[in-house]
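Visitor: Could you take me through the empty space in this protein, pocket and cavity alike? Once that's done, I'd like to hear about any odd backbone spots too.

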Amino acid sequence: MNNINILWVDDEIDLLKPHILFLEQKDYTVTTCQSGTEAIEIIEDQNFDIVFLDENMPGLTGLETLAEIKEKQSNLPVVMITKSEEEYIMEEAIGSKIADYLIKPVNPHQILLSLKKNLDHTRLVSEKTTSSYQQEFRKIAMDLSMVNSYEEWVELYQKLIFWEIELEDIEDHAMFEILESQKNEANLQFGKFIDKNYEDWFQAKTDAPVMSHTLFEEKVAPELSKTQPTLLVVIDNLRYDQWKAFEPIVNNYYKKEHESPYYSILPTATQYARNAIFSGLMPSDMEQLHPNYWKNDNDEGGKNLFENEFLTAQLKRLGLNHIKHEYFKITNLKSGKKLANNFKSKKDNDLTVVVYNFVDMLSHAKTEMDVVKELASNDKAYRSLTVSWFKNSPLLEIIQQAQQLGFKLIITTDHGTINVKNPSKVIGDRDTSLNLRYKTGRSLTFEDKDVVAARDPKSIFLPSITMNSSFIFAKGDLFFAYPNNYNHYVSYYRNTYQHGGVSLEEVIIPFVVLNPR
């Protein structure tokens, strides 16, 4: 039994007897009336699941009736049925949030399809999504056992994100748990892949992915021109799934030209990865060539204070001195609003760079504030919170203005972040760096299986803080914890968002080029 109550409003309702009988045979309950006034009275007394509404009636028109119904019950789905194909009627009806629009003469199967689309939609989508993922699950499992190149890892990670977002609204939690276990398995294999291949990517003759230090030269510079201004937005700490979650909002103003994820360098931390983007250099080269701009983990003061100077030096090195550029770092609402208010004045720049810091602040706040722990308790909630921020942020205002001014838009990030679940014990001296996902220092003691270790930092172009210091990077969803005060430390940091280590979420990150609509 459907127990679905339908109200059908049409001044020629007698002609629709065959349709009504057809629906009643399918166990739908149909109430009929012949005018808008009558419909509004009935709706006040009875509950309906859906309304079929004729547009062309004497007295109150269908559109007027629709407006009254929506005023009384805004969530009641209304299907407009009309003889007219006039565009303004369609636009009025769609603007009033109708559920569907049918042109007369309608046949019973069209009505049935509309009912299923509007009332069974969630269940049907859920069932279809579940069965599609079940089929894809086997393919992903096979791919996981064979994936062996950085391109294949990007493809696999994109698949996992696609299914994570597809499955997030369905009722079948068992499917979601299967996906989670696939992500964990993928991260296990990805850690081994990075351990085996990362160092080789710095050898001259090796095929390597685009990485933080090559991103600007290989991906950004070719997009720059004197004929169209470019807005480069670097959203700190943005995961690929978060970009996918708010991409539809950006699509209202921009159409995507191409999307090519790239690899963050290790450590996947702002001080290393973002400086590498703007300087076009690896950290050990930055330390050597720009000692006045580079700071190591144990140096006092801000570690990302010279990004504009790094960028200016890189533009000069690439022979792009003619590119007029301006750089902005947004770390709070006030500075975001200020740039949004003044953005029109940037139209004469060839390149405007905006580093936006909200997502990074969000991940730190989750560690420190109980309310954010509640709001971002898992990846789905974390995505939702990012979308909510983006919709209401000065960054969206800036992007809207950039579209009106004809800017090309590039959206990227410096690294992603991962929800850490499991501790891994590490011992170091008091000069060991503080990050939970990577450590650098002398005489580090750690669990071999839990880390990618660089005993000679120079082999992966990282600075050696002392003669025999090394780097270790946590794999998967692990975080480093010291043996002293272990239990308190572990309960404080478990289920927080951290970065600096080796995971698909931190390493494979978005780079998107868009043109104004």
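**Pockets, cavities and backbone oddities**

Guide: Sure. One thing up front: this is a predicted model. Let's start with the lining of the largest pocket, which splits by class into four nonpolar, ten polar and seven charged residues. The space in that pocket comes to about 460 Å³. Its lining is made of 21 residues, and the closest to the pocket's centre are Gln271, Asp297, Lys303, Asn435 and Tyr438. If you want to know which element gives the most to this lining, look at helix H11, residues 270-279, with three residues.

Now for the enclosed space. Rolling a probe the size of a water molecule over the atoms shows where empty space is left. Here the structure holds one cavity of 30 Å³ or more, and the largest cavity has a volume of about 30 Å³. Around it you'll find Tyr157, Leu160, Ile161, Lys183, Asn187, Leu504 and Glu505. Three helices each give two or more residues to that lining: H7 (150-167), H8 (173-197) and H20 (504-507). H7 has the largest share, three residues. By class, the cavity lining has four nonpolar residues, one polar and two charged.

On to the backbone. Most residues other than glycine have a negative phi, and most peptide bonds are trans. This model has some exceptions to look at. The peptide bond from Lys104 to Pro105 is cis, with omega near -5°. Pro105 sits in the loop between strand S5 (100-103) and helix H5 (108-119). Another cis bond runs from Leu266 to Pro267, with omega near -10°. Pro267 is in the loop that joins strand S8 (262-263) and H11, and H11 is the helix you met at the largest pocket, where it gives three residues to the lining.

Then there are the positive phi angles. Phe461 is not a glycine, yet its phi is positive, at about 60°. You'll find Phe461 in the loop between strand S16 (451-454) and strand S17 (469-474). Its relative accessible area is 27%, so Phe461 counts as partly exposed. Asn485 isn't a glycine either, and it has a positive phi of about 55°. Asn485 lies in the loop between strand S18 (478-481) and helix H19 (486-493). With a relative accessibility of 56%, Asn485 is classed as exposed, the cut-off for that being over 50%.

Definitions and conventions: Residues are numbered from 1 along each chain as its sequence is written. This is a predicted model: local features need pLDDT of at least 70, side-chain atom pairs count only at pLDDT 80 or more; totals for chains, interfaces and linings use all residues. Side-chain values use heavy atoms; hydrogens and water are left out. On a 1 Å grid over the protein atoms alone, a cavity is a set of points where a 1.4 Å probe fits but cannot get out, and a pocket is an open set with protein on both sides within 12 Å along at least five of seven lines; lining residues have an atom within 4 Å of a point. Grid points are joined across faces, edges and corners, and a volume is the space filled by probe spheres set on the points. Helices (H or I, at least four residues) and strands (E, at least two) are DSSP runs, numbered from the N terminus. Ala, Val, Leu, Ile, Met, Phe, Trp, Tyr, Cys and Pro count as nonpolar, Asp, Glu, Lys and Arg as charged, and the others, Gly among them, as polar. Buried means under 20% relative accessible area, exposed over 50%, partly exposed in between (1.4 Å probe, protein chains only).
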